[in-house]
Amino acid sequence: MMRRSLIAFALSAACAAPVQAANLGDILNQLNNNPDLVNAIGGTVKNLTNANRTIGPQEEQEIGNGLASNMLGAAPLVNDSNLQRYVNDVGVWVASQSGATGINWRFGVIDTNTINSFAMPGGVVFITKGLLAQLHSEAELACVLGHESTHVLRHHHIRAIQSAAGKDALSNALQGVVAYKGNQQAQQIGANLASGFSEVYVRGLDKSDEFEADINGMVLCARAGYNPYALPAVLQTLDALNPQDSNLQMMFSTHPSPRARLDKIDQVVGDRLEPWASGTENTLRFGAATARYTTPAR
């Protein structure tokens, strides 16, 4: 049934959403200059103690902006406007293939050699410079962003925060709010407010969520006109890397192994997306935007 649903999804007509320019740097400014927004996030954190209630889109975006602020405090955006614009354009195009409305998609590259990517509730997605360096084509980039977009679309992190396992994260998040309110240094927002939620990222999502993100990410990639088998290619690259590399430790501790993910893709997707395998692999704009950060195409 799952496979039929996925293929039906892939076969349905693609729909495009307006492309929005990235403006991730404004997130920090919004938080640092807007006490009301800080209070709104704090209130959201408190209300999340009602673990089973529905979290609305505005609340998701507030939580996601807090997390993004925290992450940008640790690793800023790569100072390359052309790269950021390009990655945002690709990401918004892929995410729009879901047909979901009302999500403020923003994609960017953060300046760290750690090999990973992150999705925040509400539509902020970061790929690290370290993971970008492992990619060889626009299709690979598109599939990685499709994977992360699925975490947003399926509310994976909100569900994790609301789960029993997320209770400790909630407690720490509340402490973060208290710490912020007792400290007038606005620059502490990112470090304190979202610290509890960040535990979810350190601990990782359920394996089933990661498998779902892989498969649905391939479908989004296919609908966007790319070869969806670029995602298995990325996983093969990661599988060939030295697992002792410190830049890989977080990804390997928070995700199923690349081999397990490849096996699941083979089991669920197999050759069913072959009609879309002739989709776009690479583009001139990928080389123009990422040449400083990536390896030559294989």
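Of the 48 residues in the largest nonpolar core, Val87, Ile127 and Leu141 touch the most other members. A nonpolar core here is a set of buried Ala, Val, Leu, Ile, Met, Phe, Trp, Tyr and Cys residues joined through side-chain atoms within 4.5 Å. Buried means under 20% relative accessible area, exposed means over 50%, and partly exposed is in between (1.4 Å probe, protein chains only). Helix H7 gives this core its largest share, eight residues. A second, separate core has 13 residues, including Ile55, Ala75, Ile110 and Ile158. In soluble globular proteins, nonpolar side chains tend to be buried together.

A quick word on the model: it is predicted, with local features needing pLDDT of at least 70 and side-chain atom pairs counting only at pLDDT 80 or more, while totals for chains, interfaces and linings use all residues. Residues are numbered from 1 along each chain as its sequence is written, and side-chain values use heavy atoms, with hydrogens and water left out.

Overall, the protein has 16 helices and three strands. These are DSSP runs numbered from the N terminus: helices are H or I with at least four residues, strands are E with at least two. Buried residues make up 52% of the 298 residues. Contact means heavy atoms within 4.5 Å; among contacts between residues at least 6 apart in sequence, 75% join residues at least 24 apart.

**Helix H7 and its neighbours**

Back to H7, which covers residues 138–153: at 1.5 Å a residue its 16 residues should span 22 Å, and its end C-alpha atoms are indeed 22 Å apart. That expected span is 1.5 Å times one less than the number of residues. Burial is the rule in this helix, with 16 of its 16 residues buried. Just after H7 comes histidine 155, with a positive phi near 55°. Leu141 touches Tyr86, Val87, Val90, Ile127, Leu132, Leu135 and Phe286, leaving aside residues up to four places away in sequence.

H7 also helps to cover helix H13, alongside H6 (129–132), H12 (207–223), H14 (249–254) and H15 (258–268), among what covers the buried residues of H13. Eight of the 10 residues of H13 (residues 230–239) are buried, so the rest of the structure largely encloses this helix. Those buried residues are Ala230, Leu231, Pro232, Ala233, Val234, Leu235, Thr237 and Leu238.

What about alanine 100? This residue is found in the loop between H5 and S1, and it is partly exposed, with a relative accessible area of 32%. Alanine 100 and leucine 153 are 53 residues apart in sequence and 7.7 Å apart in space, C-alpha to C-alpha.

**The three strands**

Two strands pair if DSSP finds at least two bridges between them.

| Pair | Sense | Bridges | A bridge partnership |
|---|---|---|---|
| S1 and S3 | parallel | five | phenylalanine 107 with valine 125 |
| S2 and S3 | antiparallel | four | methionine 120 with valine 124 |

Five of the five residues of S1 (residues 106–110) are buried, so S1 is largely enclosed by the rest of the structure. In a regular strand the side chains alternate between the two faces of the sheet. In S1, Arg106, Gly108 and Ile110 point one way, with Phe107 and Val109 pointing the other way. Strand S2 (residues 117–120) has Ser117 and Ala119 on one side and Phe118 and Met120 on the other, all of them buried. S2 and S3 make a hairpin with three residues between them, and glycine 122 in the turn has a positive phi of about 95°.

**Rings**

Rings of Phe, Tyr and Trp (its six-membered ring) pair if their centres lie within 6.5 Å; planes under 30 degrees apart count as stacked, over 60 as edge-to-face and the rest as tilted. The count by this rule is two aromatic pairs. Tyrosine 86 and phenylalanine 286 have ring centres 6.4 Å apart and planes at 65°, so this pair is edge-to-face. They sit 200 residues apart, tyrosine 86 in H5 (residues 81–96) and phenylalanine 286 in H16 (residues 284–290), and so link distant parts of the chain. Both rings belong to buried residues: tyrosine 86 has 6% relative accessibility and phenylalanine 286 has 4%. Tryptophan 105 and phenylalanine 107 form a stacked pair, 5.8 Å centre to centre with 20° between the planes. Tryptophan 105 is buried at 5% relative accessible area, and phenylalanine 107 is buried at 0%.

Lysine 264 lies over the face of phenylalanine 211, at 5.3 Å from the ring centre. A charge sits over a ring if NZ of Lys or CZ of Arg is within 6 Å of the ring centre and within 35 degrees of the ring normal.
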